[in-house]
Amino acid sequence: MRKKGNTVLAGLIICLLLVFLAAAGKLFGAYLKYQKGDVSYEKLQEYVQEPEEEESPESEKEKEEPKNRYLEIDFAGLKAVNPDVIAWIQIPALDISYPVVQGKDNA
């Protein structure tokens, strides 16, 4: 009777180990996809330049007000990589700076 209990327990452990390995494999696959995306976005950053800071004497009031600084985007270069590029979105507070593409059907 004891051997049957050990066999069931061993089978359960093997099943749980297989489930764990499958889940770990899925997580690793997702990690690799994110890494590939990060590399792609780093390559696209070559087409973007931050605006240069102007160093001019300003009054205290002007220093307090944030100035709008726009990115300089090489859309011709981006369109050579992907002709569907239509814009660039940047949200500094969220550390978002990515190209925007438009599909044929907007779905």
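# Reading the terms in a predicted model

Biologist: What does the protein chain contain in the way of helices and strands?

Modeller: The protein chain has three helices and four strands. The model is a predicted one. Along the sequence, the elements follow the pattern α-β-α-β-α-β-β.

Biologist: What share of the residues is buried?

Modeller: Of the 107 residues in the protein chain, 9% are buried. The protein chain exposes about 9,800 Å², and carbon and sulfur atoms supply 59% of that area.

Biologist: Why is Trp 88 called buried?

Modeller: Trp 88 has a relative accessibility of 14%. The cut-off for buried is under 20%, so Trp 88 counts as buried. Trp 88 lies in strand 3, which covers residues 85-91.

Biologist: What does Trp 88 touch, leaving out residues up to four places away in sequence?

Modeller: The contacts of Trp 88 include Leu 44, Val 48, Leu 71 and Leu 78, and also Ser 97, Tyr 98, Pro 99 and Val 100. The C-alpha atoms of Trp 88 and Tyr 98 are separated by 5.8 Å, with their positions 10 residues apart along the chain counted as the separation.

Biologist: Which residues make up the largest nonpolar core?

Modeller: Six residues do: Leu 44, Val 48, Leu 71, Leu 78, Val 85 and Trp 88. Membership requires burial and side-chain atoms within 4.5 Å, so these six residues form a nonpolar core. In soluble globular proteins, nonpolar side chains tend to be buried together. Leu 44 touches Leu 78, Val 81, Trp 88 and Pro 99, not counting residues up to four places away in sequence.

Biologist: How many aromatic pairs does a search of the whole structure find?

Modeller: The search finds two aromatic pairs. One of them is formed by Tyr 41 and Tyr 98.

Biologist: Why is the pair of Tyr 41 and Tyr 98 called tilted?

Modeller: The ring centres are 4.4 Å apart and the planes make an angle of 50°. Centres within 6.5 Å count as a pair, and stacked needs planes under 30 degrees apart while edge-to-face needs over 60. The angle of 50° fits neither, so the pair is tilted.

Biologist: What parts of the chain does this pair link?

Modeller: Tyr 41 is in helix 1 and Tyr 98 is in strand 4 (residues 96-101), so the pair links distant parts of the chain, 57 residues apart. Tyr 41 has a relative accessible area of 36%, and Tyr 98 has a relative accessibility of 32%. Partly exposed lies between 20% and 50%, so Tyr 41 is partly exposed and Tyr 98 is partly exposed.

Biologist: What makes Ile 14, Leu 17, Leu 18, Phe 20 and Leu 21 a nonpolar patch?

Modeller: A patch takes residues with over 30% relative accessible area, and nonpolar side chains are joined within 5 Å. Leu 17 has 49% relative accessibility, so Leu 17 passes that cut-off and counts as partly exposed. Together the five residues named have about 540 Å² of accessible area. Leu 17 is found in helix 1, residues 2-44.

Biologist: How do you know that Asp 95 is exposed?

Modeller: Its relative accessibility is 69%. Exposed means over 50%, so Asp 95 counts as exposed. Asp 95 is found in the loop between strand 3 and strand 4. The phi of Asp 95 is near 55°, a positive value in a residue other than glycine.

Biologist: Where is Pro 51, and what does Pro 51 touch?

Modeller: Pro 51 is in the loop between strand 1 (48-49) and helix 2 (60-64). Not counting residues up to four places away in sequence, Pro 51 touches Arg 69, Tyr 70, Leu 71 and Glu 72. Pro 51 and Tyr 70 are 19 residues apart along the chain, with C-alpha atoms separated by 6.4 Å.

Biologist: Why is Glu 72 called partly exposed?

Modeller: Glu 72 has a relative accessible area of 46%. That value falls between the 20% and 50% cut-offs, so Glu 72 is partly exposed. Glu 72 is found in strand 2, residues 72-73.

Methods:
Residues are numbered from 1 along each chain as its sequence is written. This is a predicted model: local features need pLDDT of at least 70, side-chain atom pairs count only at pLDDT 80 or more; totals for chains, interfaces and linings use all residues. Side-chain values use heavy atoms; hydrogens and water are left out. Patches are made of residues with over 30% relative accessible area and no salt bridge: like charges are joined within 9 Å, nonpolar side chains (Val, Leu, Ile, Met, Phe, Trp, Tyr) within 5 Å. Accessible areas come from the Shrake-Rupley method with a 1.4 Å probe; for residues, only the protein chains shown count as cover. A salt bridge is a side-chain nitrogen of Lys or Arg within 4 Å of a carboxyl oxygen of Asp or Glu. Helices (H or I, at least four residues) and strands (E, at least two) are DSSP runs, numbered from the N terminus. Buried means under 20% relative accessible area, exposed over 50%, partly exposed in between (1.4 Å probe, protein chains only). Contact means heavy atoms within 4.5 Å. Rings of Phe, Tyr and Trp (its six-membered ring) pair if their centres lie within 6.5 Å; planes under 30 degrees apart count as stacked, over 60 as edge-to-face and the rest as tilted.
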